Amino acid sequence: MPVLVMKFGGTSVATLDRIKRAAKRVGVEVAKGYDVIVIVSAMSGETNKLVGFVEETSPLFDAREYDAVVSSGENVTAGLMALTLQEMDVPARSWQGWQVPVKTTSAHSAARIEDIPPENIMRKFGEGMKVAVVAGFQGISPEGRITTLGRGGSDTTAVAFAAAFGAERCDIYTDVDGVYTTDPRICDKARKLDRIAFEEMLELASLGAKVLQTRSVELAMRYKVKLRVLSSFEEQSDDAGTLVCDEEDIMESNVVAGVAYSRDEAKMTLVSVADRPGIAAAIFTPLSEAGVNVDMIVQNISEEGRTDMTFSCPTNQVQRAEKAMMEAKAAGKINFHDIVADTAVAKVSVVGIGMRSHTGVAAKMFQVLSKEGINIKVITTSEIKISVLIDRKYMELAVQALHDAFELEKAA
Ligand code: ADP
Ligand code: ASP
Ligand code: MG
């Protein structure tokens, strides 16, 4: 039997009624002759609640126990989905990550999937089971501890299963009907795309578009998984939603495919550090060891042998970054006059593979922001994206203005 992977996100399993609706969608595919692997998220809001419990109980928590707690939301929905399917006379059972097993690294709260042996589930399909409902977001480490894959990780579970089982397609059911030119929640002119290239989706995801977890796109690209994003709230045809595919499979694409944003960014500046060989290593090594995810970096020109070093990181890592820098200073590894954190910034990015061959995108982006009176604090570019750090209060305005300027409302 051909295998299909169907993933339902938090809002798609938020209530028993929605689980029923999702189960009906699964029933349609079973009736077409597929063996289906259903990956479920926790009911919406559940994971946030569990994270809150952990942080309240233990601010500097043991990541292994964090994973034990926050992975539990998915266990509930997996069992409920299996029960709902059984009520519809569809042979189904639930699997927690460790039962499959979904083998991961031991990087708790950000584990990577290393292997999913298909034998256990395939044996059950062989015995007549039609649907394996698997709890997303979780796995088991080599030490036998429960791990989680980072927020949004059920997308990655889904793609990894599609790769491991050679699934015909991996359908990601969510609360929007596809991938849009930007987040439809902050720009009402956002347009749904019928297709988007893996590279563009990868950039959009890593720059903040949370519709797919970045790692899921990486895996789909590597293992050539046919990945589709579609709504769980509407009746769906076989070509509904957005197909994430190779760039060769897109007839004509815009220079800019989409605009992404990331709200919770912070900008930190080390004022007056000695400008000498090895200084960047002396700053960024302790930051990395402290688990700070440094994103953008700029170094000012130096004056009299001293310079300012600016970098960005997620807002909730500012304290950790400050602590690492103060410790490095106390240990005599670096020397700076002051450390300044600006926690009210956001990152806005434009993405498009067309930028490889078209010049002028950066200039246009900067003109648009200047016309809106928005000051740019840091800029980074790659072959197919340009990102700027700006004051958070202008983030939505910037997204909308860029969406207009690059005429994305005409995209399809
Ligand atoms: P799920 O719970 O199903 O995993 P998520 O909340 O993780 O859903 O992701 C879906 C959300 O992603 C949408 O509700 C939307 O607000 C947001 N989003 C951000 N950027 C985009 C984009 N370019 N296209 C579609 N949705 C986007
Ligand atoms: N429930 C997890 C989260 O909220 C995983 C997921 O939904 O993808 O991050
Ligand atoms: Mg998600």
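**Figure 1. The ACT domain in the predicted model.** An unreviewed UniProt entry places the feature "domain: ACT" at residues 268-353. In this predicted model, the C-alpha atoms at the two ends of residues 268-353 are 30 Å apart. Helix makes up 28% of the span and strand 38%.

**Figure 2. Surroundings of ligand 1.** Ligand 1 is surrounded by 16 residues, and the closest are Thr174, Asp175, Tyr180, Asp183 and Arg185. By class, this shell consists of six nonpolar, five polar and five charged residues.

**Figure 3. Polar side-chain atoms and the oxygen atoms of ligand 1.** Threonine 174 has a polar side-chain atom 2.7 Å from an oxygen atom of ligand 1. For aspartate 183, the distance from a polar side-chain atom to an oxygen atom of the ligand is 2.8 Å. Lysine 210 places a polar side-chain atom 3.3 Å from an oxygen atom of ligand 1. On its own, ligand 1 has 570 Å² of accessible area, of which the protein covers 89%.

**Figure 4. Surroundings of ligand 2.** Around ligand 2 are Ser41, Ala42, Thr47, Glu74, Phe137, Arg151, Gly152, Gly153 and Ser154. Two residues of this shell are nonpolar, five are polar and two are charged.

**Figure 5. Side-chain and backbone contacts of ligand 2.** An N or O atom in the side chain of serine 41 is 2.9 Å from an oxygen atom of ligand 2. Glycine 152 contributes a backbone N or O atom, 2.9 Å from an oxygen atom of the ligand. A nitrogen atom of ligand 2 lies 2.7 Å from a polar side-chain atom of glutamate 74. The protein covers 85% of the 260 Å² of accessible area that ligand 2 has on its own.

Key:
Residues are numbered from 1 along each chain as its sequence is written. Chains are lettered from A and ligands numbered from 1 in the order in which they are written. This is a predicted model: local features need pLDDT of at least 70, side-chain atom pairs count only at pLDDT 80 or more; totals for chains, interfaces and linings use all residues. Side-chain values use heavy atoms; hydrogens and water are left out. A residue is near a molecule or strand if one of its heavy atoms lies within 4 Å of it. A polar contact is a pair of N or O atoms within 3.5 Å; within protein, one must be able to donate a hydrogen and the other to accept it, and residues adjacent in sequence count only if both atoms are side-chain atoms. Accessible areas come from the Shrake-Rupley method with a 1.4 Å probe; for residues, only the protein chains shown count as cover. Ala, Val, Leu, Ile, Met, Phe, Trp, Tyr, Cys and Pro count as nonpolar, Asp, Glu, Lys and Arg as charged, and the others, Gly among them, as polar. UniProt positions are given in the numbering used here, feature names are shortened, and annotations may be inferred rather than shown by experiment. Helices (H or I, at least four residues) and strands (E, at least two) are DSSP runs, numbered from the N terminus.
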